[in-house]
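Here is a short guided tour to read with the structure open beside you. Take each stop slowly, and find the residues as they are named.

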Amino acid sequence: MIIGHKGTSAYAPENTLASIRKAVEMGVKCIEIDVQLTKDKEIVVIHDYTLNRTTNGKGWIKEKTLKEIKVYDAGSWFGKTFEDEKVPTLAEVVKILPKDVWLNIEIKSIARERGDIEARILAIVKAHDILDRVIISSFDHVSLLKFRTLDQDIKIGLLIYAYWINPWEMIELSGIKPYSIHPAIEYLDEAFVVEGKKRGYKVFPYTVNSIDEYHYAMQLGVDGVFSDYPDLAERNQ
Ligand code: G3P
Ligand code: MG
């Protein structure tokens with residue numbers, strides 16, 4: 001399975017509705033997005049802490065209201081045809097998500113300033129009745145533990161960058177009870193996949209954009225990979 005990274009970020013501006021629609025059109029069955037809180041505590045879908053790289057605006061997300069963020073063009077940097085794209089809210093993404101497509105919501109807030117983003121995400125997930133096809137992930141494991149405390153059933157994906165010593169003990173002692181582990185592909189090896197699966201976790205490495213890494217991950221038996229290219233396997237045939 002290919003998880004559409006930021007929608008389908010190779011073919012449309014990342015984390016926009018155009019990117020989500022394109023991923024759906026290309027047959028993606030799970031889409032990953034990054035979310036953060038605005039100054040007025042709305043949840044917006046954007047990767048960086050600032051508007052600078054992916055919009056024509058400047059400044060920190062946490063210092064702008066949703067109304068201020070909505071003014072900016074989040075598509076032209078990628079291509080002229082996307083100039084009408086705006087930074088979407090989480091609710092806007094959920095509204096266009098087909099019923100057979102899963103959503104991986106990655107919490108990107110600055111960890112020490114996270115506020116109550118977990119409860120706000122959970123409220124949106126519940127209001128739209130998509131709990132059974134959502135995975136909440138983050139590199140901020142304190143945030144994931146908060147999520148687990150709020151809801152015992154929600155699927156949590158534990159993002160890991162570096163290779164830990166004794167990762168499984170740490171994961172099991174954490175109380176997060178993850179559904180899946182999302183390791184960086186650079187650190188992925190056979191022992192990690194074998195042990196992770198033995199312990200009952202799904203393993204989804206990120207971000208796999210080369211066909212060699214894709215074959216490597218598949219041959220290790222992962223459950224899926226994050227990719228900017230939903231058609232990664234076909235485009236390399
Ligand atoms: O969720 C997988 C991947 O998106 C994590 O890294 O920086 O691309 O959000 P990043
Ligand atoms: Mg991400």
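## The magnesium ion

Let's start at the metal: the magnesium ion (ligand 2) has three residues as its protein donors, E32 (OE), D34 (OD) and E106 (OE), at 2.0 to 2.2 Å from it. Keep in mind as you look that this is a predicted model.

Along the chain, these donors follow the spacing E-x1-D-x71-E. Two of them link distant parts of the chain: D34 belongs to strand β2 (residues 30-37), while E106 sits in strand β4 (residues 102-107), 72 residues apart. Are D34 and E106 buried or exposed? Both D34 and E106 are buried.

## Around ligand 1

Now turn to ligand 1, which is surrounded by H5, E32, D34, H47, E106, K108, F139, L159 and Y206. You have already met E32, D34 and E106 as donors of the magnesium ion (ligand 2).

Which distances can you look for here? The side chain of E32 has an N or O atom 2.6 Å from an oxygen atom of ligand 1. For H47, the distance from a side-chain N or O atom to an oxygen atom of the ligand is 2.7 Å. K108 joins in too, with a polar side-chain atom 2.8 Å from an oxygen atom of ligand 1.

## The nonpolar core

Next, look at the largest nonpolar core, which has 52 residues. Which of its members touch the most others? They are L90, L103 and I121. Among the contributors, helix α4 (residues 117-127) gives the most to this core, with five residues.

L103 is a good residue to click on. Beyond its neighbours within four places in sequence, L103 is in contact with I31, I33, L90, V93, V94, L97, R133, V134 and I135.

## Two sides of helix α6

Our last stop is helix α6 (residues 167-174), where P167, W168 and I171 are buried. Why do these residues share a side of α6? They cover an arc of only 95 degrees around the axis, which puts them on the same side of the helix. A general rule helps here: an α-helix has 3.6 residues a turn, so residues three or four places apart point the same way.

What do the buried residues of α6 pack against? Their partners are β6 (155-160), β7 (180-183) and α7 (190-198). On the face turned away from that buried side you will find the exposed residues E169 and L173. Just after α6 comes G175, with a positive phi of about 85 degrees.

Note on methods
Residues numbered from 1 in each chain as written. Chains lettered and ligands numbered in written order. Predicted model: local features only at pLDDT ≥ 70, side-chain atom pairs only at ≥ 80, totals over all residues. Heavy atoms only, no water. Buried < 20%, exposed > 50% of the residue type's maximum accessible area, 1.4 Å probe, protein only. Helix = DSSP H or I, 4+ residues; strand = E, 2+ residues; numbered from the N terminus. Arc of directions from axis to C-beta. Contact = heavy atoms within 4.5 Å. Donors = N, O, S within 2.8 Å, 3.2 Å for Na, K, Ca; no water. Core = buried A, V, L, I, M, F, W, Y, C linked by side-chain atoms within 4.5 Å. Near = heavy atom within 4 Å. Polar contact = N/O pair within 3.5 Å; in protein donor to acceptor, adjacent residues only side chain to side chain.
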